[in-house]
Amino acid sequence: MANQTAEFAASSAAHFDNQSVAAFSYAMRVKLAVKRLDGRGGWQDKEQCSGEYLSRLLREHVEKGDPIDVANFCMMLHQRGERISPSPEPIAEASR
């Protein structure tokens, strides 16, 4: 009985995780579609859009607080096979 309870709890948690990922990815797709209608795009073209630029936008959107935007920038970097670029040192720190 204890084993069945543990299996149920695990499958229930996985089900909740899967539903959450599906809902989140739907929100990401909607946000991307809205931005395409606004004329945004080109993130997949490394000549047009650098990984450093995407990383900078990612950091800016973390500060804005929208997890959907943050996830979309992470997705873009991931799909391009890139990592998040290091944050540039603030000028005051670099001169010390």
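**Figure 1. The salt bridge between glutamate 82 and arginine 80 in a predicted model.** The closest N and O atoms of glutamate 82 and arginine 80 are 3.1 Å apart. A salt bridge is a side-chain nitrogen of Lys or Arg within 4 Å of a carboxyl oxygen of Asp or Glu. Glutamate 82 is partly exposed, at 25% relative accessibility, whereas arginine 80 is buried, at 9%. Buried stands for under 20% relative accessible area, exposed for over 50%, and partly exposed for values in between (1.4 Å probe, protein chains only). Because the model is predicted, local features need pLDDT of at least 70 and side-chain atom pairs count only at pLDDT 80 or more, while totals for chains, interfaces and linings use all residues. Residues are numbered from 1 along each chain as its sequence is written, and side-chain values use heavy atoms, with hydrogens and water left out.

**Figure 2. The surroundings of arginine 80.** Arginine 80 sits in the loop between H3 and helix H4 (91-94). Helices (H or I, at least four residues) and strands (E, at least two) are DSSP runs, numbered from the N terminus. Leaving aside residues up to four places away in sequence, arginine 80 touches Trp43, Gln44, Asp45, Lys46, Cys49, Ser50, Gly51 and Leu54. A contact is counted when heavy atoms lie within 4.5 Å. With the same sequence neighbours left out, cysteine 49 touches Gly42, Trp43, Leu54 and Arg80.

**Figure 3. A salt bridge between helices H3 and H1.** Aspartate 69 pairs with lysine 31 in a salt bridge whose closest N and O atoms are 3.1 Å apart. This pair links distant parts of the chain, as aspartate 69 is in helix H3 and lysine 31 is in helix H1, 38 residues apart. Aspartate 69 counts as buried at 14% relative accessibility, and lysine 31 is partly exposed with a relative accessible area of 23%. Lys31, Asp66 and Asp69 are linked in a network of salt bridges. The structure holds five salt bridges.

**Figure 4. A salt bridge within helix H2.** The side chains of arginine 56 and glutamate 60 meet at 3.2 Å, N to O. Because these two residues are four residues apart in helix H2, about one helical turn separates them. Arginine 56 is partly exposed at 46% relative accessibility, and glutamate 60 is partly exposed at 37%.

**Figure 5. The largest nonpolar core.** Nine residues make up this core: Leu32, Cys49, Leu54, Leu57, Leu58, Val70, Phe73, Met76 and Leu77. H2 and H3 are the elements that give two or more residues to the core, and H3 gives the largest share, four residues. A nonpolar core is a set of buried Ala, Val, Leu, Ile, Met, Phe, Trp, Tyr and Cys residues joined through side-chain atoms within 4.5 Å.

**Figure 6. The largest pocket.** About 440 Å³ of space lies in this pocket. Of its 18 lining residues, Lys35, Arg40, Gly41, Phe73 and Met76 are the closest to the centre. Helix H1 (2-37), helix H2 (51-64) and helix H3 (67-79) each supply at least two residues of the lining. A pocket is an open set of points on a 1 Å grid over the protein atoms alone, where a 1.4 Å probe fits, with protein on both sides within 12 Å along at least five of seven lines; lining residues have an atom within 4 Å of a point. Grid points are joined across faces, edges and corners, and the volume is the space filled by probe spheres set on the points.
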